[in-house]
Amino acid sequence: EAAGEGGGASVTDLALLAPVPQGHLEAGQTVAAERGFVAFGSRKFELFRLIEERREGWPVPVLIYASHEEEPVTLNSLISWVGWYIGSEETHSGRHSRGMEHRPATTADNPTDNLGYWAVFWHVERLQPLAVENRFALSRLQTIAGGWRKDAPPRGPELVARPSFVIFPE
């Protein structure tokens, strides 16, 4: 079922769903704890503009499934990390304005990751793994009008209905 009409769901009803490589998540948890937030890259700047319009300064819950190059993502892939989206910055250079200060160190392993590939960096605070018993399949998420369609796993960040059964970090 879709929540909201015409994509107009309240920010309290939304969550950001995204794939992030496992190594970036582990390194990113340290960055977020030590520097306040971690910055992940995306090319979906329109999505983050929409989130900024809707959130009115409020944090948005983040649901992350670890992506692995050797494993295809399916609707049975598990949401295994959570955090809070607190903002984004668009870039024309493809680099974060603060260089590597808020980027996972593991992104340095890919030469294009910090040298011009991304259109926007999205900031996550309080990034943490879900306990194994609390992880759940992508297929359990509900869509919102104008957001991700459940006929295939998303290939990048998407808006979804905020699941009531997930406890986000305080």
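User: Hi! How much space lies in the largest pocket?
Analyst: Hello! In this predicted model, the largest pocket holds about 950 Å³ of space.

User: How many residues line the largest pocket, and which lie nearest its centre?
Analyst: Its lining is made up of 31 residues. P19, P21, S67, W118 and R155 are the ones nearest the centre.

User: Which elements each supply at least two residues of that lining?
Analyst: Those are β2 (14-21), α1 (22-35), β3 and β4 (60-67).

User: And what does the lining of the largest pocket have by class?
Analyst: You'll find twelve nonpolar, eleven polar and eight charged residues there.

User: OK, what about the second largest pocket, what volume does it have?
Analyst: The second largest pocket comes to about 210 Å³. Two elements, β4 and β5, give two or more residues to its lining.

User: Which residues lie nearest the centre of that second pocket?
Analyst: A66, H68, E71, S77 and L78 do, out of a lining of 13 residues. Sorted by class, that lining has six nonpolar, five polar and two charged residues.

User: Switching to strands now. Is β6 mostly covered or mostly uncovered?
Analyst: Mostly covered. Strand β6 spans residues 120-129, and seven of its ten residues are buried.

User: How many bridges join β5 to β6?
Analyst: Eight bridges link them. Strand β5 covers residues 78-90, and the two strands run antiparallel. As an example to look for, S88 in the chain stands opposite W122 in β6.

User: Parallel or antiparallel, how do β3 and β6 pair?
Analyst: That pairing is antiparallel too, with five bridges between β6 and strand β3 (residues 38-42). Here you can look for V38, which has V124 of β6 opposite. Strand β6 therefore appears in both pairings, with β3 and with β5.

User: Last topic, confidence. What pLDDT does the chain average?
Analyst: The average is 87, and 91% of the residues score at least 70.

User: Which elements have the lowest and the highest mean pLDDT?
Analyst: Strand β1 (residues 2-3) has the lowest, with a mean of 38, while β6 has the highest, with 97.

User: Where is the pLDDT below 50?
Analyst: Over residues 1-7. Leaving aside near neighbours in sequence, this stretch makes 15 contacts in the model.

Definitions and conventions
Residues numbered from 1 in each chain as written. Predicted model: local features only at pLDDT ≥ 70, side-chain atom pairs only at ≥ 80, totals over all residues. Heavy atoms only, no water. Buried < 20%, exposed > 50% of the residue type's maximum accessible area, 1.4 Å probe, protein only. Helix = DSSP H or I, 4+ residues; strand = E, 2+ residues; numbered from the N terminus. Pairing = 2+ DSSP bridges. 1 Å grid on protein atoms, 1.4 Å probe; cavity = no way out; pocket = protein on both sides within 12 Å on 5 of 7 lines; lining within 4 Å. Points joined across faces, edges and corners; volume = space filled by probe spheres on them. Nonpolar A, V, L, I, M, F, W, Y, C, P; charged D, E, K, R; others polar. pLDDT = per-residue confidence, 0-100. Contact = heavy atoms within 4.5 Å.
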